[in-house]
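Q: Please take a close look at one part of this model, the charged side chains: how they pair, where they lie and what surrounds them. A single connected account would be the most useful.

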Amino acid sequence: MLEIVAGTSLGASSEAGGSPLDRAAAALRNAHERLAAHRTRVETDPFTSPIRLMALDLKRGMDRGEIDVATLEAMIARLSTDAFIGRADRLSVYLGEVDFAANEATVERLIHGAATGPDGVRLSAEEFAHRVGRILYGFVFTAHPTFSLSNKLQQAIVGLALTDDRARRQQILAEIEQVPHRPEQRLDLAEELRQSVVAITNVRIALMRVYRIVLKVAEELYPEDWRRISPKLASVASWVGYDMDGRSDIPWTATLAHRLIIQEKQLAAWHEEIRELARSVADDDTLAASLELVEARIVLTAESSRSLIELFQAAKLENDEWWQRLARVSRRSLGKGAGRITGGQELAALVQRVLDRVEDPALARRLWLLHADISAHGLGLARTHMRINAIQLHNAIRKTIGMEHAPDDPSYRQSYVEEVARLIESVQPVSVHLGTINGEKATAKRIFMLVHQMLNLVDRDEPIRFLIAECETSFTLLAALYFAKLFGVEDRIDISPLFETRTALVRGVEIVAGALEVPVYRDYIRKRGRLCVQTGFSDAGRFLGQTAACYLIEKIRLSLAPLLQKHRLTDVELVIFDTHGESIGRGAHPGSFRDRFAYYDTAESRRLFRDAGLSVREETSFQGSDGYQYFLTEQTAFAVVTRVLEHAFCPVEDQPDPFYAERVYVGEFFTSIEQFNEEVIQNRDYAALLGAWGTNMLWQTGSRPSKRQYDGATGRMSLDHPSQLRAIPHNAILQQLGMLANTIGGVGRAIAKDPEAFHRLYAESPRFRRLLGMVEHAFKWTDLEVVKAYIDLYDPGTWLARAQSHEDDARIEELRKVAEIFEQLRLHERLVRIYRVFLRDYMDLARALREHRRRTRDAGATPIVVDRTARDNIHLLHALRLALMQRLDVLAVHVPDFSDRHSVSHSGLLARLTQLDVEPALDLLKQIFPMTEPQVQTHDFGVEATYQSEESQSYSQEHALIFEPIDRLYTQIRRIGSAVVHHLGAVG
C-alpha cells in the first residue's frame, strides 16, 4: 500500500483531461508556487525545510494520482530540457567567438605577431620558422568516465550553443524531445574510442586551418623561404585504450588495436589527398610517378595495419591457429622488403622530395600543408600517452633488486636508488615479439613491451609519453628508466611522473630533483631533450580541496625553473601536462577558456620560465564526452584552438601580484584548507556519506567497471575510506547531493583566521581572485538544505512520526518497516555529524563572501547566487527525486521474505534497495521470484498427481506490483541525476 495524506493539490489527474505535457505544465506552475510559499515559512520557523516540504507535497500528489506516471515523466523532461538549454547557453559563453572569419583574423594577427621581435623588427625566416615550429600547447583526450550524454544530445547541445536563432533552437529541441537524457546505452571502450576520434579529427582539421594561415603569412613575409617553414604550434594526443592505471579489463591486444586504428584512420585521409594530387598532375609523368610512389607506400602501410587490427580485435589467446595467423601477419609487417612506412619522418621526407620538384604554386601549397600535417603529428591522428601506476613498476622490479621495503622507506631509500642506477648503467637491451607480451604477467613489463611493439608496428619516430600515477619517489622514475632501457625504448619514451596525491604534491620538486641527482637519469633527460611532469587536479582536489591543490601545483611549477637552472638543463624543453577536466571539481575554471588556461599556467610561472630561458609546452586533458563536446564541430574546434593560441602568444605579464609577496599569509591560508580536507577525508562519517547512495543516482558514465562492494548479510556499503572511490565518482556524488565540498571545503575556516587579510588580498590580487572564482562558483551551487533533506531520508524518527500521523494499520506498518531498515543501517547519526562539520565551514564562507560583496557594492559587485529560475528548477528536481526515493523505500518493504540461500538476507536486500543499488538487487529478486514456472515432468508414472507445489507458482504479481514499479521509479531517479548534471555542466 502507498501512503496517502490529504494536502494541497499539485496538478490535475489524468481523468481531468489534457495531455501529459499540459498536466506537467500545470503541476510545475503549482509546484513553483508551493515552493515559494514553503520558503516564506523559513523566516518564522528556522527548522522548516522547503525542500522536504516540497518533496512531501509531490509525493502526496503522486499517491493521490494527481501526478500520474506520464505527467511525472513530462515534468522531469521539462525540467531536464530547461537545464539542458542553460548548459548550452553557458557553453556558448565559454567558447567565446565562434565565427570562422573572426577567429581566422585573430589567428592571422597572432601569426604576424610571431614574425615580429620585441623591438618591432621583423624576424628572419629561420627565427620565424623556430617560433611557429615549436609545440606550444598539447590537447590530450582521455576516456575518463564523464560520458553523461548520448551522441544525439551532444550534437544538440553544441547546436544550441552555436545559434541564437529562435526557430533553429526550437527545431533542435523538437528533434530531441523524445530522447532520454542519459548516456549511450552501450558505453564500452570501443564507443569511447569512436567519440574520441570525432573530437581528435576536428582538432586536426582546425590545426590545418591554422597552418593555412601560417602559409599565407609565410608567403607574404618570406617569399623565398616559405617552403622550408614547417609549423607545429599544437599537438594532439590520446590515452583512450592506453590508460592501465586501475584497469585490468583492457587486454594488450585491444591496446595495440587502438593504436593501429588511430594510424589507419589518418593514413586513409592522407591517401585520399595524395590520390587527388596525383590526378591533378597526371600530365606530368615525373611528378605523377613520385606521388604514386608515396601513395603505394601509404597503401601498403594501411593494409598491414588493417590486417593486424582485424586479428587483434578477434583475439583468441588460447587458440594456436590464431597465433599462427598473427605470426604470419607480423612477419609480413616487420620483415625486410615489407614496404611499410616505419615512421612519420620517412613519409614527410617523401612528400618533401616531391615538394622540392614542384613549380606550380597551388600544388606546392597543398604539398606544403600535407608535409606540415605529417611532420607535426607523425603516422597517426594522435600521439600516444600510456599510463600505469607506480605500484605496478615497484612490483615489477621488486625481485630484481631484492626490494623488501617501501621504496621511500628512509632506511633503504638511498640504497634502492643506487641499486637501480647500477642496473640502468649495466643493462643490456632484450628483444621481444608479440608472443612475449602474452607470456608476461607483470603489468609494467608488459606495458613496456607494448610500447616497443607500438614503435615498431606504427611509428618509430613519434615518442610515447609514459605517465606514472601516484609517483611519490625518485626511485619510481629510475625504475621506469631501467625497464625502458631493458626493452630498448629509452630513446623514444618520455617518462612523466604524475603528482596528484598529497605526498606527491608536497614532494613534487624533491622527486624530480632526486632523479636529476642521478647521472644516468640526467643523461637520459639531456638525450631526450625534454623534462616531462604531470599534475592532477581531480585526485588532488579530492584529498586536499581544489583550491589548496592548485596552490601546491603552482608551487611545483615555480620550483621547476630554478631546478633546471641548477642542473644546467635550461636548453631542454619543459613539458607540463595538467590533467584537469571540465568540472570545477577537476580543475576547470568556470569563467571562460581564458580563465581556464590562466588558472594553471599562471602569469608568475610564465615569467619565471621566460627569465630562465626555458621552452615550455603546456598540455591539458579533455576528459570523456564532457571534454569532447568542445570539438564536435569544425566551428567549435577552431574556436578552442583560437583560444589556445591567444593564450600561448599572450605577452608575459611583468606586473607583480601581491599574492606572491604575502608568502606567510598565503601559505597558512591554503594549509588551513588542506588540513580541513585531510580531517574530512579521515572522518569515517564522510565515507558513510559518500557510500550512502554512492553513484547510484546516476547512469554509468564510462566503460571503467564501477562495482560497489557490500556485506551480503546486512547490505552495508563497504566504503570505509574515500580513497576507495576514484575522483570522478567521488565528485559526482557530491554534485548529486548539492554540496561541492571538494572545492569550498575548508575555505571558510581559512578565511576566519584573518578576515581582514583575506579581504585585502582578495581586492588586490588577480591570482587570488581567480582562485576564489572557483570557490564562488562552487558556493553558488552548494545548498546544504538540499544535503540535509537527503540525509533526513535515513532518519528513522521521521518515518515513525509519519506513521504516528496515520490511522490505517497497513500504512503504519509499512512506514514502521522503513524506519526499522534505517534503524539497522545506523547511518543517520553519522551523516548528521559530518553535515554539521560542513555547515560550520559553510557559514564562515557565506559570511566572508557577503562581507566582501558589501565592501565592493559600489564597484558593481553582484551577489554570488544562482539565478532564480535555475535555483527553483534544481530545487524541484531534488524534491521530485526525494519523493520518488520515498516511494521506492515504501515499495521495498513489500518485497516478500525469502531464505538466506541467495547470498544476501532479506533485510540486507531491502537496505540495498533503499541505497538505490537497484539493478543488482532486482536481478537477484528475479532469480528468487522467477516469472516463469518450472518444468514439471508429464510422463505416465502409473499414478495421477493432483498436488501442485507452491514453488511452481509464478511470481507475476510481485513483478507487476513491486519489482517493475521499483525499476520505473529508479529510471526516473537517474533521469533527474542527468538534469542535475546539466545544471552543473559536467560530471564529477
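**Charged side chains, paired and unpaired**

A: With a relative accessible area of 9%, D685 counts as buried, because the limit for that class is under 20%. The model is a predicted one, and in it the side chain of D685 meets that of R833 in a salt bridge, at 2.8 Å from N to O. This pair links distant parts of the chain, since D685 belongs to helix α29 (residues 684-693) and R833 to helix α38, with their positions 148 residues apart in sequence. R833, for its part, is partly exposed at 39% relative accessibility, so this salt bridge joins a buried acidic residue to a partly exposed basic one.

A second pair is made by E264 and R306, whose side chains come to 2.9 Å, N to O, in a salt bridge. E264 is part of helix α9 (residues 252-280) and R306 part of helix α10 (residues 285-313), so the pair ties together parts of the chain that are 42 residues apart in sequence. Here E264 counts as buried because its relative accessibility is 15%, while R306 is partly exposed at 40%.

In a third pair the basic residue is the buried one: R974 has 8% relative accessibility, and its partner E919 is partly exposed at 41%. Their side chains meet in a salt bridge of 2.8 Å, N to O. R974 sits in helix α42 (residues 956-984) and E919 in helix α41 (residues 918-928), so the contact ties together parts that are 55 residues apart in sequence.

These pairs are among the 69 salt bridges counted in the model. Salt bridges also form a network, which links R465, D494, R528, R530, E573, R617 and E619. One of its members, R528, is also listed among the buried residues of helix α20 (residues 519-528), together with V520, Y521, R522, Y524 and I525. The buried residues of α20 pack against α15 (413-426), α18 (474-486), β5 (493-499), α19 (502-516) and β6 (530-536). Directly after α20, G529 adopts a positive phi of about 80 degrees.

Two of those buried residues, R522 and I525, recur in the surroundings of L569, which, apart from neighbours within four places in sequence, is in contact with L516, R522, I525, R526, L564 and L614. L569 lies in the loop between α22 (546-566) and β7 (573-579), and it counts as buried because its relative accessible area is 0%.

Charges also gather on the surface without salt bridges, since patches are built only from residues that have none. A negative patch is made of D809, E813, E820, E823 and E829. Helix α37 (residues 809-825) gives the most to this patch, with four residues. E829, by contrast, is found in helix α38 (residues 828-855), the helix that also holds R833, and E829 is partly exposed at 40% relative accessibility. A positive patch brings together K316, R325, R328, R331 and R332. Of these, R325 is in helix α11 (residues 320-334) and counts as partly exposed because its relative accessibility is 33%.

Methods: Residues numbered from 1 in each chain as written. Predicted model: local features only at pLDDT ≥ 70, side-chain atom pairs only at ≥ 80, totals over all residues. Heavy atoms only, no water. Patch = residues over 30% accessible without salt bridge, like charges linked within 9 Å, V, L, I, M, F, W, Y side chains within 5 Å. Areas by Shrake-Rupley, 256 points an atom, 1.4 Å probe, with all protein chains shown as cover. Salt bridge = Lys/Arg side-chain N within 4 Å of Asp/Glu carboxyl O. Lys, Arg positive; Asp, Glu negative; His and termini not counted. Charge placed at Lys NZ, Arg CZ, Asp CG, Glu CD. Helix = DSSP H or I, 4+ residues; strand = E, 2+ residues; numbered from the N terminus. Buried < 20%, exposed > 50% of the residue type's maximum accessible area, 1.4 Å probe, protein only. Contact = heavy atoms within 4.5 Å.
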